[in-house]
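Colleague: Please walk me through this one, question by question. I'm new to reading models, so keep the jargon under control.

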Amino acid sequence: MSNNLNDNILLVGLGYMGKEYHKVLSGMNIEYTAVGRGEKRTEEFIEQTGHFAHSGGIDAYIAKNGMPHTRAILAVQAQYGAECAVKLLKAGIKQLLVEKPCGLNEEQMDAIIDEAKRNNAKVIVGYNRRFYASVMAAEKIIKEDGGVTSVCYDFTERGFQDDESVEGLLVGNSTHVIDLAFWLGGLPKEMKAFSNIDTKSDTVRVEFAGAGITEKNALFSYIANWKAPGRWSVEVMTSKHKLIFRPMEKLQVQDLGSFAIREEDVDYSLDTQYKNGVYKEVETFLTDIDNPRLLTIEEQRAHLDYYFTIARGKEIKNA
């Protein structure tokens with residue numbers, strides 16, 4: 001499959017993330033065609049970026065132009081992601097990068113997987129935190145130290161509204177944190193999850209806690225309370241260091257035998273110029289589609305079991 005950077009990329013979705021992808025593609029000097037749905041948002045995109053965009057959505061674009069592209073980036077709202085992904089695959093897209101979560105349930109993801117198989121296409125789910133400069137710097141330390149021994153993370157959502165879907169927000173947003181913990185520490189081999197969810201009473205409670213052991217034999221624990229103060233964080237322990245992502249864009253380090261926490265010297269230049277992790281993610285998608293740092297739709301589908309276990313509170317034991 002061609003990785004020619006000069007191929008014209010199709011960018012679908014012109015909201016916040018669409019503009020961020022514009023910055024990256026423009027910074028790489030890559031030609032792309034932008035497609036939005038509503039005229040107002042399309043006009044705003046053109047005005048703010050100086051790049052022409054088609055309005056009317058992908059149905060209108062395909063009806064008029066067919067599908068002259070083989071690769072696309074899909075940056076629409078989560079509730080439209082699966083439907084749009086299937087349409088692009090049916091139209092002939094062979095490599096597709098979709099903003100997380102790419103589907104909100106098993107049925108949506110299965111539909112994407114089936115369509116990708118029928119058309120010999122590859123679908124990547126965008127988890128840009130895997131590409132943070134802070135994460136890549138931490139991975140070097142982890143390797144030097146001989147691996148991860150334990151992981152602790154917090155996926156508290158400060159913006160939760162009482163009428164929102166708990167599972168929808170967890171899969172659609174909190175998985176940024178959980179996926180990073182999985183990436184660094186390994187997928188759960190055994191996990192016991194607890195959830196305390198009551199969105200109907202006067203005192204709304206949305207709380208999660210759990211622990212287990214990963215396939216890398218690292219112990220892990222997590223906690224989140226969506227109705228209390230908190231913030232996203234991941235802490236990774238090795239035999240020599242504690243690696244702290246709080247905020248997740250920066251790497252702080254605590255050495256064995258010391259209480260002091262220092263900020264690691266990391267080159268954050270790309271993450272300063274562009275949205276954190278997105279430049280490296282797009283670059284990898286365009287030049288190295290089989291790189292294991294990229295999360296495939298098949299992997300994301302398998303991870304749903306873990307996400308729903310966390311949301312619903314139950315136990316997993318893998319052979």
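Below, short questions are each followed by a short answer.

Modeller: Before we start, this is a predicted model, so to speak only of its surer parts, local features need pLDDT of at least 70 and side-chain atom pairs count only at pLDDT 80 or more, while totals for chains, interfaces and linings use all residues. Residues are numbered from 1 along each chain as its sequence is written, and side-chain values use heavy atoms, with hydrogens and water left out.

Colleague: How much space lies in the largest pocket?

Modeller: On a 1 Å grid over the protein atoms alone, a pocket is an open set of points with protein on both sides within 12 Å along at least five of seven lines, whereas a cavity is a set where a 1.4 Å probe fits but cannot get out. Points are joined across faces, edges and corners, and the volume is the space filled by probe spheres set on them. For the largest pocket, that comes to about 910 Å³.

Colleague: Which helix gives the most to the lining of the largest pocket?

Modeller: Lining residues have an atom within 4 Å of a point, and there are 40 of them here, with Ala75, Val76, Gln77, Ala78 and Tyr80 nearest the centre. Elements giving two or more residues include helix 1 (16-27), helix 3 (57-65) and helix 7 (166-185). Helices (H or I, at least four residues) and strands (E, at least two) are DSSP runs, numbered from the N terminus. With 6 residues, the top contributor is helix 4.

Colleague: How many residues of that pocket lining are charged?

Modeller: Ala, Val, Leu, Ile, Met, Phe, Trp, Tyr, Cys and Pro count as nonpolar, Asp, Glu, Lys and Arg as charged, and the others, Gly among them, as polar. The lining of the largest pocket has 16 nonpolar and 13 polar residues, and the charged ones number 11.

Colleague: Helix 7 looks odd to me. At which residue does helix 7 bend?

Modeller: A first hint is its length: helix 7 has 20 residues, yet its end C-alpha atoms are only 25 Å apart, short of the 28 Å of a straight helix. That expected span is 1.5 Å times one less than the number of residues. A bend is the angle between axes fitted to the seven residues ending at a residue and the seven starting there. For helix 7 this angle is about 60°, at Thr175.

Colleague: How many of the 20 residues of helix 7 are buried?

Modeller: Buried means under 20% relative accessible area, exposed means over 50%, and partly exposed is in between (1.4 Å probe, protein chains only). Helix 7 is largely enclosed by the rest of the structure, because its buried residues number 16.

Colleague: And the start of helix 7: which residue's side-chain oxygen reaches the backbone nitrogen of Gly168?

Modeller: A polar contact is a pair of N or O atoms within 3.5 Å; within protein, one must be able to donate a hydrogen and the other to accept it, and residues adjacent in sequence count only if both atoms are side-chain atoms. Here the oxygen comes to within 2.9 Å of that nitrogen, and its owner is Ser165.

Colleague: Which helix gives the most to the lining of the largest cavity?

Modeller: The whole structure has 1 cavity of 30 Å³ or more, and the space in the largest is about 40 Å³. Its lining includes Val151, Ala181, Phe182 and Phe220. By class, this lining has 5 nonpolar, 3 polar and no charged residues. Giving 3 residues, the main contributor is helix 7.

Colleague: Is Glu207 buried or exposed?

Modeller: Glu207 sits in strand 9 (residues 205-214), and its side chain makes a polar contact with that of Arg205 (2.8 Å). Its relative accessible area is 18%, so Glu207 counts as buried.

Colleague: Which residue comes before Pro101 at the cis peptide bond?

Modeller: Most peptide bonds are trans. Pro101 lies in the loop between strand 5 and helix 5 (106-118). The bond leading into Pro101 is cis, with omega near 5°, and it starts from Lys100.

Colleague: What is the relative accessible area of Cys102?

Modeller: Most residues other than glycine have a negative phi. Cys102, in the loop between strand 5 and helix 5, has a positive phi of about 80°. Cys102 is buried, because its relative accessible area is 2%.
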